[in-house]
Amino acid sequence: MTIKIEKNGRVIIATLNRPKALNALNSEVMHELALHLKKFDSDDDIGCFVIKGSERVFAAGADIKEMGNKSFSDMTREDFFSGWSDFTALKTPKIASVSGYAYGGGCELAMMCDIILAGESATFSQPEIKLGVIPGIGGTQRLSHLVGKSKAMEMILTGRIINAFEAEKMGLVSRVYSDTDLFKETLSTAHTIASYGKAAVIAAKECVDRSMEMSLAEGILFERRVFHSLFATQDQKEGMQAFIEKRSPIFSNQ
């Protein structure tokens, strides 16, 4: 298996498990990651996913050995990389916990997640230009949204490697922790998210995702309608009543 799955309370931890290939992302990884997590996506007892690699490497890129000899017609016929849409379509929030290298497809996988938390050893790069190609799993699009055109252009056109602190300053990474504390802090964040009502969490995630594709006016209207819809849930009643009564809410995901 290229993915190891572990349950920690209401959190599912998916660990990339191709150590000899530096966790290079091939079709098997793509398939297994989406397949395993999809099983938990509609489970009310699961509130967050954590995606991680090893201490040395998150993922060193897409598997060049799998792609190297393919032709243009092979790539288009297979619609290569399109299967990653199954991973991005997951409704449950995803946190990338990045130690070591996150290059090429590894950087793109991290950006497919909703939050990126990095250890001090983490480095990020989109080096595809050095191979005569471009990022193919959303790198040119997501990186531009996250860090702006100029920074994205520089990374993509030069293949430059950036460290965790620069990535945080650019807005690619949410927080940087010591490598020792990274997983503990990632789990803490994941458990915090998982402690809230899943309907509201999914709604918030969907609204933020839509903000990347809508005008401001359309996005605000979408947000308002989603906000209204949550008043049909028991969790809204419980959350607001608990606030009035000065107690912690008990969400039922209803």
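Start with the largest nonpolar core of this predicted model: select Trp84, Phe87, Phe124 and Leu172, which touch the most other members among its 47 residues. Now add helix α5, residues 105–112, which gives the most to this core, with five residues. For a look at the packing around one residue, centre on Leu172 and show what it touches beyond four places in sequence: Met111, Ile116, Phe124, Leu143, Leu146, Val147, Ile162 and Ala167. Another core, of 13 residues, lies apart from that one; pick out Cys48, Val50, Tyr177 and Leu182, which are among its members. As background, nonpolar side chains in soluble globular proteins tend to be buried together.

Next stop, two loops. Select Asn23, in the loop between β2 (11–16) and α1. Is Asn23 buried or exposed? Its relative accessible area is 3%, so Asn23 counts as buried, the cut-off being under 20%. Show its side chain and you'll find one of its polar atoms 3.2 Å from the backbone oxygen of Phe58. Phe58 also turns up in the list of contacts of Asn23 beyond four places in sequence, along with Leu16, Asn17, Arg18, Gly53, Ser54, Val57, Ala59, Ala60 and Gly61.

Jump to Ser99, in the loop between β5 and β6 (101–103). Ser99 is buried too, because its relative accessibility is 11%. Leaving out neighbours within four places, Ser99 is in contact with Ser54, Glu55, Arg56, Val57, Phe58, Ser121, Ala122 and Leu182. Keep Ser54, Val57 and Phe58 on screen: they are contacts of Asn23 and of Ser99.

Now for helix α10, residues 198–211. Put a distance between its end C-alpha atoms and you should read 20 Å, which agrees with the span expected for 14 residues at 1.5 Å a residue. Colour its buried residues: Lys198, Val201, Ala203, Lys205 and Cys207. What covers them? Bring up α1 (27–41), β5 (94–98), α9 (179–194), α11 (216–229) and α12 (234–244), which are included in that cover.

Leave α10 displayed and switch on a surface for the last stop, the largest pocket, which holds about 1000 Å³ of space. Which residues are closest to its centre? Select Asp114, Lys205, Val208, Asp209 and Met212, out of the 32 that line the pocket. Lys205 is the one you have just coloured as a buried residue of α10. Helix α10 supplies the largest share of the lining, eight residues. To see more of the wall, add β5, α5, β7 (115–119) and α6 (139–147), each of which supplies at least two lining residues.

How values were computed:
Residues are numbered from 1 along each chain as its sequence is written. This is a predicted model: local features need pLDDT of at least 70, side-chain atom pairs count only at pLDDT 80 or more; totals for chains, interfaces and linings use all residues. Side-chain values use heavy atoms; hydrogens and water are left out. Helices (H or I, at least four residues) and strands (E, at least two) are DSSP runs, numbered from the N terminus. The expected span of a helix is 1.5 Å times one less than its number of residues. Buried means under 20% relative accessible area, exposed over 50%, partly exposed in between (1.4 Å probe, protein chains only). Contact means heavy atoms within 4.5 Å. A nonpolar core is a set of buried Ala, Val, Leu, Ile, Met, Phe, Trp, Tyr and Cys residues joined through side-chain atoms within 4.5 Å. A polar contact is a pair of N or O atoms within 3.5 Å; within protein, one must be able to donate a hydrogen and the other to accept it, and residues adjacent in sequence count only if both atoms are side-chain atoms. On a 1 Å grid over the protein atoms alone, a cavity is a set of points where a 1.4 Å probe fits but cannot get out, and a pocket is an open set with protein on both sides within 12 Å along at least five of seven lines; lining residues have an atom within 4 Å of a point. Grid points are joined across faces, edges and corners, and a volume is the space filled by probe spheres set on the points.
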